[in-house]
Amino acid sequence: MIIRQFLSWVRTAPAGERAEATRALARAWLISDLSDDDRAAAEGGLLLQLDDSSPLVRRAMADVFARSANAPPTIVRALSADQPSVAIPVLEHSPLLNDADLVDIVATGGCEVQCAVARRVRVPVPVCAAIAEVGSATAALELIGNPGADLARVSWDRIVERHGHLPAIREAMLALDGLPAVTRLALAVKLSDSLARFVVARDWLGAERTGRGVSDARDRSIVDIVARARKDEMTCLVAHLRASGQLTAGLMLRALLSGNLDLFHHALVDLSGLPLSRVTALVHDRGGASLPALLTRAGLPESTFSAFCAALKAHDEIGFVATVGGATRLRRRMVERVMRACEAASAGISQPLLILLRRFATESARDEARVFCDELVAEAARTPTPEEVPACEPVLRDLEVCEEFYEPVPAMALSGEVDIRSLEDDASDQDARVVYRFGEGVKTSRPRFLDRLALKPRFAEYEPHDAEIESATSLDDASCEVLPYETLPCEDEPCEDWPYIVSSCESERVEPRFDESASGDSTDREPGFGEPRNAPPAYREPLLSDLLAAA
């Protein structure tokens, strides 16, 4: 009865009201306890709404059925083939769409539909292969950034082949940690080709010089990528290099001079067809004829034999140190030694090999200078400047008083401090001390107006003179007690530059009671209960003349 009334009402209702009613009916179909007849009638009404002219009605059903595994499969498939604004929620989240449905949608859909499929929580291998084969660059970028995408190596290579010229694709792929090494090599080739075309188009360099620079940079990137690759990827890497024509004698010599013996061994294995154990034994056999025979079987030119032999000998004598800065670089000592050996045996050495070795020598020297300068800069950044190092100066600098509240500082907590203590008879105020430190203000337990002291002790004599002590202060109502440095209660030996302790010349400040006036003179008041008759005079604020005399 209700479904009949709904079908009669939706024929004349506005689009917004039809969408809300359809949303309510879809929710009722999912969560309500309907009878079989009512459920069948509700499903028929929802199927009828698929033909509604307003996309708002169909989008309302897509939002309700997108994440449900109990949704009507017929309605879900119909919504997935609708226009993108309706199909995107279903394509991103619906668990009712299988791999075949998704592959067909990717093959026939547009860029928005492909991106929606690429954003799914789990993208299986066939769907990834379909996106890599026919998907747009935006869909491939969404797939690369999806951690739930199960991309095979063939799919990676296909994405590089189709979209590797785009910087966004290259940056997204190179930022991944689990990217196959073969794919990284392909991206390096794509990047080098793009840079070469850009430089030549700008007419910055000639085509021949650009090609040589790109070739050197590509070989350096290959050695660096191979050095970071896993052991199980070496065979595939070498096979890829040989198939792409990049496995040359110059690359093998660069790998050997950079200390990468794995690439050299696997290259000889691929070129000669011998097992790895046999190749390793022949390379490290110093009998004389073993290495030239292996290089001959690998098809390398005879003019490079002396360079390989000298490089292996230098490697055994010099050794190999770990890479600097995470990159594999040419070793300058090895390059120079091999170049000297080849120049000495110039009879069978070709000029292109000597030119290559000279380029290696220049590159290694520049790399070594760059690393050396970086280390100097880092060391200079770690070394403290003279201003940061505290110095024990022979003259007491400006002693300034901070008129702020501070916690009491224990006397002589640190050596090299001047402690000014009160000389009052009341022993309860002995903890309220003033400690002068260089570069800091005076930290006291309450604000005080203290005189500026200009104390310049003579460090050659540890016994102070009375005249010097009298000139250190200008107060008439108090005296200063100067203690020698032997009386310091510090376990460590005090600094020779600070032999004296100057006690405070200030009398105790008596704070007014809660029932007394702060401005009244308390000198003529009667002593309270328990207060001695000869109590010390109350604190008097210093006059301007006192401050000027103290200064």
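These legends go with close-up views of a predicted model.

**View 1. Helices α8 and α10 side by side.** Here you're looking at helix α8, residues 111–118, packed against helix α10, residues 137–144. Their axes sit 8 Å apart, at an angle of about 10 degrees. That angle is why α8 counts as roughly parallel to α10, since anything under 35 degrees gets that label. On the α8 side, the residues making the contact are C111, Q114, C115 and A118. Their partners in α10 are T138, A139, E142 and L143. Sort this contact by class and you get five nonpolar residues, two polar ones and one charged one.

**View 2. Glutamate E233 in a loop.** Find the loop between α14 (207–228) and α15 (234–243), and you've found the home of E233. Is E233 buried or exposed? With a relative accessibility of 14%, E233 counts as buried, because the cut-off for buried is under 20%. Set aside the neighbours within four places in sequence, and E233 is in contact with P180 and A181.

**View 3. Aspartate D203 and its positive phi.** This time the loop is the one joining α13 (181–202) to α14, and D203 lies in it. Most residues other than glycine have a negative phi. D203 isn't a glycine, yet its phi is positive, at about 60 degrees. D203 is also exposed, with 65% relative accessible area.

**View 4. Leucine L257 and the largest nonpolar core.** The largest nonpolar core holds 56 residues. Which residues have the most contacts inside this core? They're M252, L257, L268, L300 and L357. Zoom in on L257: apart from neighbours within four places in sequence, its contacts are A311, L330, R331, M334, V335, V338, L357 and F360. There's also a second, separate core of 51 residues, with V10, C115, I144 and I159 among them.

**View 5. Helix α20 and what covers it.** Helix α20 runs through residues 305–318, which is 14 residues. How far should α20 span at 1.5 Å a residue? The expected span is 20 Å, and the end C-alpha atoms are 20 Å apart, so the two agree. The buried residues in α20 are F305, A307, F308, A310, A311, L312, A314 and H315. Helices that help cover those buried residues include α16 (249–257), α17 (261–272), α18 (276–283), α19 (290–298), α21 (332–344) and α22 (351–382). You've met A311 already, as one of the contacts of L257.

Key
Residues are numbered from 1 along each chain as its sequence is written. This is a predicted model: local features need pLDDT of at least 70, side-chain atom pairs count only at pLDDT 80 or more; totals for chains, interfaces and linings use all residues. Side-chain values use heavy atoms; hydrogens and water are left out. Axes are lines fitted to C-alpha atoms, for helices over the stretch in contact, and angles run from 0 to 180 degrees between N-to-C directions. Helices (H or I, at least four residues) and strands (E, at least two) are DSSP runs, numbered from the N terminus. Angles under 35 degrees count as roughly parallel, over 145 as roughly antiparallel, 65 to 115 as roughly perpendicular and the rest as oblique. Contact means heavy atoms within 4.5 Å. Ala, Val, Leu, Ile, Met, Phe, Trp, Tyr, Cys and Pro count as nonpolar, Asp, Glu, Lys and Arg as charged, and the others, Gly among them, as polar. Buried means under 20% relative accessible area, exposed over 50%, partly exposed in between (1.4 Å probe, protein chains only). A nonpolar core is a set of buried Ala, Val, Leu, Ile, Met, Phe, Trp, Tyr and Cys residues joined through side-chain atoms within 4.5 Å. The expected span of a helix is 1.5 Å times one less than its number of residues.
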